[in-house]
Amino acid sequence: MKKIAALSMAAVMLTSAFVGCGSKSSSKDKDYAGKYELQKMSMGDESYEGDIAGTPIALMMQVELKSDGTAVENSLTGDNGTGKWEADGDTVTIEIDGDKVKFEADGDTLTGKQGEGDEAMEMVIKKVSEFTTKASN
């Protein structure tokens with residue numbers, strides 16, 4: 001239970017830091033434009049997919065990367081914000097409120113890591129056509 005709480009807090013800290021301003025991006029970034037939501041998160045030897053305590057993990061982090069280089073983030077906690085994003089080859093960098101997370105792209109999935117050592121959280125976000133809006137039954 002402590003691991004679930006720690007992972008939930010890490011996801012909340014990640015999303016609560018997402019407040020900032022947007023900027024223009026180059027045309028090469030448009031392939032990554034779209035809606036993404038959290039698919040998996042790991043911290044230490046614990047990993048979560050699907051639901052945590054009946055709540056879809058997708059609700060913990062939802063990000064829309066717009067073709068103009070802005071990033072709009074929404075989360076279950078209400079810590080919503082805007083920022084910027086850019087792509088360089090297969091690396092997509094999302095920066096919100098001065099915090100940058102670099103993601104490596106593999107098809108419609110982006111994998112990134114925030115933090116260092118045992119406190120590092122790895123997250124996988126997946127491109128979706130529509131955001132998840134409620135808990136599954």
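Which residues of the largest nonpolar core touch the most other members? The residues are L65, W85, V92, I94, F103 and L110, out of 26 in that core, where a nonpolar core is a set of buried Ala, Val, Leu, Ile, Met, Phe, Trp, Tyr and Cys residues joined through side-chain atoms within 4.5 Å.

The model is predicted, so local features need pLDDT of at least 70 and side-chain atom pairs count only at pLDDT 80 or more, while totals for chains, interfaces and linings use all residues. Residues are numbered from 1 along each chain as its sequence is written, and side-chain values use heavy atoms, with hydrogens and water left out.

**The chain as a whole**

The protein chain holds one helix and 11 strands, and along the sequence the helix is followed by the strands in the pattern α-β-β-β-β-β-β-β-β-β-β-β; helices (H or I, at least four residues) and strands (E, at least two) are DSSP runs, numbered from the N terminus. Of the 137 residues in the protein chain, 39% are buried, where buried means under 20% relative accessible area, exposed over 50%, and partly exposed in between (1.4 Å probe, protein chains only). Among contacts between residues at least 6 apart in sequence, 57% join residues at least 24 apart, a contact being heavy atoms within 4.5 Å.

**The core**

Two or more residues of the largest nonpolar core come from each of β1 (34-43), β5 (62-65), β7 (81-88), β8, β9 and β11 (121-128). The most is given by β1, with four residues.

**Two hairpins**

Strand β9 (residues 99-106) runs antiparallel to β8 (residues 91-96) and also antiparallel to β10 (residues 109-114), where two strands pair if DSSP finds at least two bridges between them. The table sets out both pairings.

| Pair | Bridges | Opposite residues | Turn residue and phi |
|---|---|---|---|
| β8 and β9 | six bridges | V92 and F103 | D97, near 55 degrees |
| β9 and β10 | four bridges | D106 and T109 | G107, about 65 degrees |

Two residues lie between the strands in the hairpin of β8 and β9, and two residues likewise lie between β9 and β10. V92 and F103, which stand opposite each other, are both among the core residues that touch the most other members.

**A loop residue**

A53 lies in the loop between β3 (51-52) and β4 (55-56). Phi of A53 is near 55 degrees, a positive value in a residue other than glycine, and A53 is exposed, with a relative accessible area of 77%.
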